[in-house]
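Please open the structure in a viewer and display it as a cartoon, with side chains hidden at the outset. The tour below proceeds by selection, each stop stating what to pick and what is found there.

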Amino acid sequence: NNNTALVNILRVGRTALFFETLDQKTCGHYNIAAERWEDLPKNKNRDIHMAVEIGSKLRPADIVSLPLGRISFK
């Protein structure tokens with residue numbers, strides 16, 4: 001699948017990379033093991049959007065639940 005989209009990227013240290021489309025309808029993460037971007041379920045959009053706003057200093061720091069999953073090392 002070679003889709004192209006403009007997105008906001010959120011990096012959580014060395015642990016995870018997330019994206020959110022500019023229209024905020026789709027979010028996802030980078031799967032290190034599969035070496036590809038994967039969409040997350042729609043119920044994660046709000047959390048990813050909040051985290052992007054916090055990272056952009058548009059919202060005060062807060063606790064956000066992000067789907068980090070397992071950590072894989074190569």
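Begin with the hairpin of β3 and β4: the two strands have 4 residues between them, and E35 takes a positive phi near 55°. The model on display is a predicted one. That backbone angle merits attention, as most residues other than glycine have a negative phi.

**The pairing of β3 and β4**

Select residues 36-39, which make up strand β4; 4 bridges join β3 to this strand, and the two run antiparallel. Two cross-strand pairs may be labelled here. H29 has E38 in β4 as its bridge partner, and N31 stands opposite R36 of β4.

**Strand β3 and its enclosure**

Now colour residues 27-31 by accessibility. Of the 5 residues of strand β3, 4 are buried, so the strand is largely enclosed by the rest of the structure. For the protein as a whole, 27% of the 74 residues count as buried.

**The pairing of β2 and β3**

Extend the selection to residues 16-21, strand β2, which 3 bridges join to β3 in an antiparallel arrangement. Within this pairing, F19 stands opposite G28 in β3. The two strands form a hairpin with 5 residues between them.

Select Q24 next, in the loop between β2 and β3. What is the phi of Q24? The value is near 65°, positive in a residue other than glycine. The relative accessible area of Q24 is 40%, which makes this residue partly exposed.

**The whole sheet**

Zoom out and select every strand. The 4 strands form an open sheet in the order β1-β2-β3-β4, with antiparallel pairing. Strands β1 and β4 stand at the edges with a single partner strand each, so one side of each is left without a neighbour in the sheet. On average, neighbouring strands of this sheet are turned by 30° against each other, direction ignored.

**The helix on the sheet**

Select residues 45-55, helix α1, which packs on the sheet and touches β1, β2 and β3. The direction of α1 makes about 100° with that of β2. With the helix added, the protein has 1 helix and 4 strands, and from the N terminus on its elements run β-β-β-β-α.

Continue into the segment after α1, where K57 is found. K57 has a positive phi of about 60° although it is not a glycine. Is K57 buried or exposed? K57 is exposed, with a relative accessible area of 74%.

**A nonpolar patch on the surface**

Switch to a surface representation and select V7, I9 and W37. Together these residues form a nonpolar patch on the surface, with about 260 Å² of accessible area. One of them, I9, lies in strand β1, which covers residues 7-12.

**Overall view**

Finally, clear the selection and regard the entire protein. Its accessible surface comes to about 5,900 Å², of which 50% belongs to carbon and sulfur atoms. Should a contact map be at hand, consider contacts between residues at least 6 apart in sequence: 24% of these join residues at least 24 apart.

How values were computed
Residues numbered from 1 in each chain as written. Predicted model: local features only at pLDDT ≥ 70, side-chain atom pairs only at ≥ 80, totals over all residues. Heavy atoms only, no water. Patch = residues over 30% accessible without salt bridge, like charges linked within 9 Å, V, L, I, M, F, W, Y side chains within 5 Å. Areas by Shrake-Rupley, 256 points an atom, 1.4 Å probe, with all protein chains shown as cover. Salt bridge = Lys/Arg side-chain N within 4 Å of Asp/Glu carboxyl O. Buried < 20%, exposed > 50% of the residue type's maximum accessible area, 1.4 Å probe, protein only. Contact = heavy atoms within 4.5 Å. Pairing = 2+ DSSP bridges. Axes fitted to C-alpha atoms, helices over the stretch in contact; angles between N-to-C directions.
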